[in-house]
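Dear colleague,

I am passing on the structure we talked about, together with some notes on what came out of looking through it. Please read the notes with the structure open beside them.

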Amino acid sequence: MIHLTAKIRSNSPVSDGYFEMTFDWPCDVPPPLPGSFFTVRVSEYAIPLLRRPFAFSGFDREQSTASMLYERRGTATRQLTTRLPGESIDILAPLGVPFPSPRSEALPVLIAGGIGMGPIFYLAAELYGAGQEAVLFVGARTNGIVPDRTEFGLVQTVFATDDGSAGVHGTVTDALVNRTDLLERRLEYFACGPLPMLRAVHQHAKARNEMCWVSVEQTMGCAVGACMGCAVRVRGPAEFARVCTEGPVFDSEEIAWT
Ligand SMILES: Cc1cc2nc3c(=O)[nH]c(=O)nc-3n(C[C@H](O)[C@H](O)[C@H](O)COP(=O)(O)OP(=O)(O)OC[C@H]3O[C@@H](n4cnc5c(N)ncnc54)[C@H](O)[C@@H]3O)c2cc1C
Ligand code: FES
């Protein structure tokens with residue numbers, strides 16, 4: 001983990017309520033991996049007091065820049081939208097357990113919903129860069145929140161919207177079960193998004209006896225394993241796991257879904 005003051009290169013809206021910020025990454029530090037995250041100290045003042053966690057949404061090796069795709073939600077993210085290129089942000093990175101490399105015998109199925117879009121788009125770009133076939137499913141309330149991304153032209157992409165404004169009218173799991181061509185193959189699932197979506201993807205994957213990785217988002221305190229503020233219920237004797245250090249990516253069978 002490093003503590004850095006990174007110069008912002010760009011910070012602009014990319015869809016309804018969503019922004020992407022790109023910032024300098026030190027050349028001598030290895031690129032962060034998809035699924036790993038960082039925390040930002042948004043203000044030098046007391047509010048908001050806590051650093052906020054965000055996943056990496058991309059990495060540009062030539063420019064040595066990293067990026068995050070974030071939703072404007074509350075105090076911290078509203079403040080972030082006002083930051084300008086040339087200003088600096090205070091970052092602790094990289095944190096957490098990233099997505100594992102896909103197994104060679106299975107087709108990676110990447111599933112993104114809401115604020116989970118960033119890490120999944122990054123994973124899609126990395127798999128494409130490594131010459132690996134993958135299918136990307138993007139679920140959203142409505143088409144307006146889905147940013148226009150180069151990844152959609154690189155890997156096969158399927159959209160699902162709750163209001164039917166793009167792709168399948170329904171959830172990503174509705175879109176998945178429609179794809180009988182894919183379901184004939186061995187698959188490995190990689191998902192990030194709201195908990196109900198992760199639970200549905202887990203149930204779908206387990207019904208097919210397939211491996212499923214989920215990146216869990218949880219409100220965080222310290223983000224370095226000290227406060228238990230980010231604990232999620234897991235199966236087995238430990239009962240709880242810390243999302244910041246043992247996650248955010250888990251084998252979906254580890255989570256005690258309720
Ligand atoms: C590992 C990890 C990766 C994340 N990656 C991203 C990302 O790539 N893009 C992105 O936009 N956000 C991401 N988040 C969520 C992000 O940290 C919160 O949106 C942010 O902290 C909200 O801060 P705020 O002050 O603007 O809003 P607050 O005023 O703190 O909260 C506004 C609303 O957002 C909800 N919220 C706050 N934190 C979280 C959270 N961690 N998960 C779910 N809901 C939350 C609150 O319940 C509240 O309803 C991630 C969180 C974690 C733990
Ligand atoms: S946020 Fe403190 S232990 Fe995870």
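In which loop is Pro-248 found? Pro-248 belongs to the loop between strand 15 (240-242) and strand 16 (249-251), and the peptide bond that leads into Pro-248 from Gly-247 is cis, with omega near 10 degrees. Please keep in mind here, and in everything below, that this is a predicted model.

There are two further backbone features that you may wish to look at. A cis peptide bond also joins Ala-93 and Pro-94, where omega is about -20 degrees, and Pro-94 has its place in strand 7, which covers residues 88-95. Ala-223, although not a glycine, has a positive phi of about 65 degrees, and this residue is found in the loop between strand 13 (211-215) and strand 14 (231-233).

The rest of my notes concern the ligand. Ligand 1 sits in the largest pocket, and the elements that give two or more residues to the shell around ligand 1 are strand 4 (52-55), strand 6 (65-71) and helix 1 (75-81). Of these, strand 4 gives the most, with 4 residues. Altogether 19 residues surround ligand 1, and the closest are Pro-53, Glu-71, Arg-73, Ala-76 and Thr-77. Sorted by class, the shell is made up of 10 nonpolar, 5 polar and 4 charged residues. Because domain 1 (2-95) and domain 3 (216-258) both give residues to this shell, ligand 1 lies between them.

As for polar contacts, the side chain of Thr-77 has an N or O atom 2.4 Å from an oxygen atom of ligand 1. On the backbone side, an N or O atom of Leu-69 lies 2.9 Å from a nitrogen atom of the ligand, while a polar backbone atom of Gln-218 is 3.2 Å from a nitrogen atom of ligand 1. Taken on its own, ligand 1 has 860 Å² of accessible area, and the protein covers 76% of that area.

With best wishes

How values were computed:
Residues are numbered from 1 along each chain as its sequence is written. Chains are lettered from A and ligands numbered from 1 in the order in which they are written. This is a predicted model: local features need pLDDT of at least 70, side-chain atom pairs count only at pLDDT 80 or more; totals for chains, interfaces and linings use all residues. Side-chain values use heavy atoms; hydrogens and water are left out. A residue is near a molecule or strand if one of its heavy atoms lies within 4 Å of it. A polar contact is a pair of N or O atoms within 3.5 Å; within protein, one must be able to donate a hydrogen and the other to accept it, and residues adjacent in sequence count only if both atoms are side-chain atoms. Accessible areas come from the Shrake-Rupley method with a 1.4 Å probe; for residues, only the protein chains shown count as cover. On a 1 Å grid over the protein atoms alone, a cavity is a set of points where a 1.4 Å probe fits but cannot get out, and a pocket is an open set with protein on both sides within 12 Å along at least five of seven lines; lining residues have an atom within 4 Å of a point. A molecule sits in a cavity or pocket if more than half of its atoms lie within 2 Å of its grid points. Ala, Val, Leu, Ile, Met, Phe, Trp, Tyr, Cys and Pro count as nonpolar, Asp, Glu, Lys and Arg as charged, and the others, Gly among them, as polar. Domain bounds come from an automatic or database domain assignment.
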